[in-house]
Amino acid sequence: MLIHRGNQRLGEKCQCQIAHNDPPVQPKKSVKSVGQSPLVSYVGIALTLVAFFTRLYKLGFADFVVWDEAHFGKFASFYIKREFYHDVHPPLGKMLLGLAGLFVGYDGQYAFESGAKYPPTLNYTGMRAFCSLIGALMVPLGFYTGIQLKLSLLGSVFLAVMVTFDVALLSISRFILLDSLLLFFTALSAYCLVVFRNYQKTEPLSPRWHIWMAYLGVSLGCCLSVKWVGLFVIALVGINTLEDLWDMLGDIKMPVRRYLYHWVIRIAFLIVLPMSVYVLSFWAHFAILNRSGEGDAQMSSLFQANLEGNNFHENPISVAFGSKISIKNNERGGGLLHSHIQTYPPGASGSEQQQVTCYHHKDSNNHWIVMTPPTVSMPQGEEIRYLREGDQFRLMHEGTGKILHSHALPAPITKSQWEVSGYGNATWLDTNDIWELEIIHDERPKIEGEPREVRSMTTRFAIRHVQLRCLLHSGDGINYPEWGFKQAEVYCDKSGDTSVSGNLWNVEQHWNPLLPPGGSAAYPKNFLRDFVDLNIGMWTSNNALTPDPTKEPDALTSKPLQWPFMEVGLRMCGWGDDEIKFFLLGNPVVWIGSAISLFVFGFVCFIYLVRHQRRCGDWKDPTDLANFIFAGQVGVLGWFLHYFPFFIMGRVMYLHHYFPALYFAIILFAFIADHVAKRLGKILHAVVMLGLSAAVIGVFVFFSDFVFGMEGPATQWKDRQWRSGWKIYG
């Protein structure tokens, strides 16, 4: 490749540029004038209409639950029914899906089971249309982002064509999923960043400069509130902001007060405002979901007590010997003490006794009976003996009859701590079954003159092993592997530190026929506590999504190295001959071209560096150089920040995790293709850009059945299986 300016090519003798002979810098163009020509507006409208058509065409063809509609359709149902649930993602996107369902008349009663037929009463097409229309808006955003990055009209059209006709981006926006919302807010954030940067260069501190910074902050907050991947675009904006502030620090003519104002206003609009949007989404989440649901166990007992429809009002207030209880760990996102008949496997444990875990869902295996030590008789008849501070006791697992036990053997995962297991039975005389109660705090005030009793939900206590003096512990975010069903590890903490929240517990549910129910109570609400609890619970659940070997045969999971050059695709539904099929796969021109453009951009930068060293005058106007660097930063840095973090993640990954990174690679592809083609002259530039756009459209037509649905045996499309990893048939 030869990069040249005018008739000067690399390799020819360069004319040195003397600084004082450089031509004067042209006046800065106002952002207001960029992209305002009627032709640009007409092209933008046309591209948007095409995007709407491709996203809405045959939208209701598949009348069954496709892929992750089984999850996100169900979450929309919870908002309509106002039932609390738990998920690994922030709530904004799912609230919007619920709003879409409400708008089309959905009553929230459908189960959204994978592959099941939609009932005639459910307007699933309307719910899909909401996601499709949001996804279609990426196209005009991409087009105008190109315009703001100073791409030519044809270059901006090429960018929009890639977004419009990428098979994967189009497919993912046609179903009831979060991805179209995430990609929309990612594209919106990139657009707002580019517009704000242009105002920063032309009208700093103007009203429009402030407005676009506020738009950027809100967009970043929305992106983060859909998925935590939004942190990556926040990082992109943050790096650009620090670069701006660093440049301004070198401007000795700028007053100190103005420089400090730049810091303050950026902190307010680009940190505080996005976080406010994020927190507000959780406030709305808690306000809407005020009824008990399947996600209750992820939250604190006090939070659950304020939900409508639970049975916590039936809890007797004080716990007695003989009571049946469930015990919740007080670490943020802590689970319920749990056991089951499975034992620790050989090699993981020296005892191979019954497993004890923490489980984040309500289950009968969370139930324990409070018993006296073996040498102390249990209360008889209607005798009531309350569990009080300093009492020694045992806990018997109701389902298996095993006693909560610890001994001086290493825990299965955290080898530095003692193992906790289920062992023996109620008749065994084993001192390693005996625990001691230490009350740490009670939300209800202590009654003077009365001994401290364990009260349902409000009492926080430690459970100390009498022989080892260690404390029953969970909540480190460490889960057992497959043999422990990926449930949270429980061990006995040698430190015996009662200030560690993972060493503290509370009674969540309580049954005792001899005691009256406590009745409804106004338990204290604490939004900040609930907000932190839920976010830690989301983090813990996300980390538990480790690769599952049972999913590999269906070619669902993938690895980051497989994404840029399209080594894998993904079957989005059943693959029988009589089933409608959808295959998630990129447009090879878009994906491979955008991946190659990363290397091309690096090569072009190297050429410019060499020519700069040779004093060649490639950049007559410093503004052009600044625009080149900024556009490259948006594309390369945006791609890098959205792609490389997946290499250090332990969670399970799928092809769609690459889509935000792909969007920035598309920006770079359009930019570098437009930049290089401009050096070839107007005619060749038009030929190159139109040719690339035609190639994208042509390949899309070839693969379009993957988007709109395949009927019949998959072997009909075997000519589309260009790579063995695509698994289109066979």
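Buried means under 20% relative accessible area, exposed means over 50%, and partly exposed covers the range in between. The model shown here is predicted.

**Figure 1. Pro-547 sits in a loop between a helix and a strand.**
The loop runs between helix H13 (527–543) and strand E16 (570–571). Is Pro-547 buried, exposed or partly exposed? Its relative accessible area is 46%, so Pro-547 is partly exposed. Leaving aside neighbours within four places in sequence, Pro-547 is in contact with Lys-486, Gly-650, Arg-651 and Val-652. Gly-502 is 45 residues away from Pro-547 along the chain. The C-alpha atoms of Pro-547 and Gly-502 are separated by 27 Å.

**Figure 2. The whole protein, for orientation.**
The protein has 730 residues, and 55% of them count as buried. Its secondary structure comprises 18 helices and 17 strands. Along the principal axes, the C-alpha trace spans about 100 × 70 × 50 Å. Take the contacts between residues at least 6 apart in sequence: 75% of them join residues at least 24 apart. The protein exposes about 31,200 Å², with 62% of that supplied by carbon and sulfur atoms. There are 61 positive and 60 negative side chains. The centres of these two sets lie 12 Å apart.

**Figure 3. Ser-474 is a buried loop residue.**
Ser-474 lies between strand E12 (471–473) and strand E13 (488–489). Its relative accessibility is 1%, so Ser-474 counts as buried. Which backbone oxygen lies 2.9 Å from a polar atom of the Ser-474 side chain? That oxygen belongs to Glu-489. Glu-489 is also among the contacts of Ser-474 outside its neighbours within four places in sequence. The others are Asn-329, Glu-331, Cys-358, Ala-488, Val-490, Gly-502 and Trp-505.

**Figure 4. Asn-432 lies in a loop between two strands.**
The flanking strands are E9 (418–423) and E10 (435–442). Asn-432 and His-405 are 27 residues apart along the chain. Their C-alpha atoms are separated by 5.8 Å. His-405 is one of the residues in contact with Asn-432, neighbours within four places in sequence left aside. The list also includes Leu-404, Ser-406, His-407, His-465 and Gln-467.

**Figure 5. Ala-297 is buried in a loop between two helices.**
Helix H11 (256–288) and helix H12 (301–305) flank this loop. At 2% relative accessibility, Ala-297 is classed as buried. Setting aside neighbours within four places in sequence, its contacts are Gln-304, Lys-328, Gly-334, Leu-336, His-360, His-361 and Lys-362. How many residues separate Ala-297 from Glu-567 in sequence? The separation is 270 residues, and the two are 40 Å apart in space, C-alpha to C-alpha.

**Figure 6. Helix H9 covers residues 207–226.**
H9 has 20 residues, which at 1.5 Å a residue should span 28 Å. Its end C-alpha atoms are 29 Å apart, in agreement with that value. Why is H9 described as largely enclosed by the rest of the structure? Because 14 of its 20 residues are buried.

**Figure 7. Helix H16 covers residues 659–678.**
H16 has 20 residues. From first C-alpha to last, H16 reaches 28 Å, close to the 28 Å expected at 1.5 Å a residue. H16 is mostly covered, with 19 of its 20 residues buried.

**Figure 8. Thr-241 is a buried residue of helix H10.**
Helix H10 comprises residues 230–249. The relative accessible area of Thr-241 is 11%, so this residue is buried. Apart from neighbours within four places in sequence, Thr-241 is in contact with Arg-266 and Leu-270.

**Figure 9. Lys-58 and Glu-352 have positive phi values.**
Phi of Lys-58 is about 55 degrees, although Lys-58 is not a glycine. Lys-58 is found in the loop between helix H1 (38–56) and helix H2 (69–81). With a relative accessible area of 33%, Lys-58 is partly exposed. Glu-352 has a phi near 55 degrees, again in a residue other than glycine. Its loop runs between strand E4 (336–343) and strand E5 (354–359). Glu-352 counts as partly exposed, at 40% relative accessibility.

Conventions. Residues are numbered from 1 along each chain as its sequence is written. This is a predicted model: local features need pLDDT of at least 70, side-chain atom pairs count only at pLDDT 80 or more; totals for chains, interfaces and linings use all residues. Side-chain values use heavy atoms; hydrogens and water are left out. Helices (H or I, at least four residues) and strands (E, at least two) are DSSP runs, numbered from the N terminus. Buried means under 20% relative accessible area, exposed over 50%, partly exposed in between (1.4 Å probe, protein chains only). A polar contact is a pair of N or O atoms within 3.5 Å; within protein, one must be able to donate a hydrogen and the other to accept it, and residues adjacent in sequence count only if both atoms are side-chain atoms. Contact means heavy atoms within 4.5 Å. The expected span of a helix is 1.5 Å times one less than its number of residues. Accessible areas come from the Shrake-Rupley method with a 1.4 Å probe; for residues, only the protein chains shown count as cover. Lys and Arg count as positive and Asp and Glu as negative; His and the chain ends are not counted. The place of a charge is taken as NZ of Lys, CZ of Arg, CG of Asp or CD of Glu.
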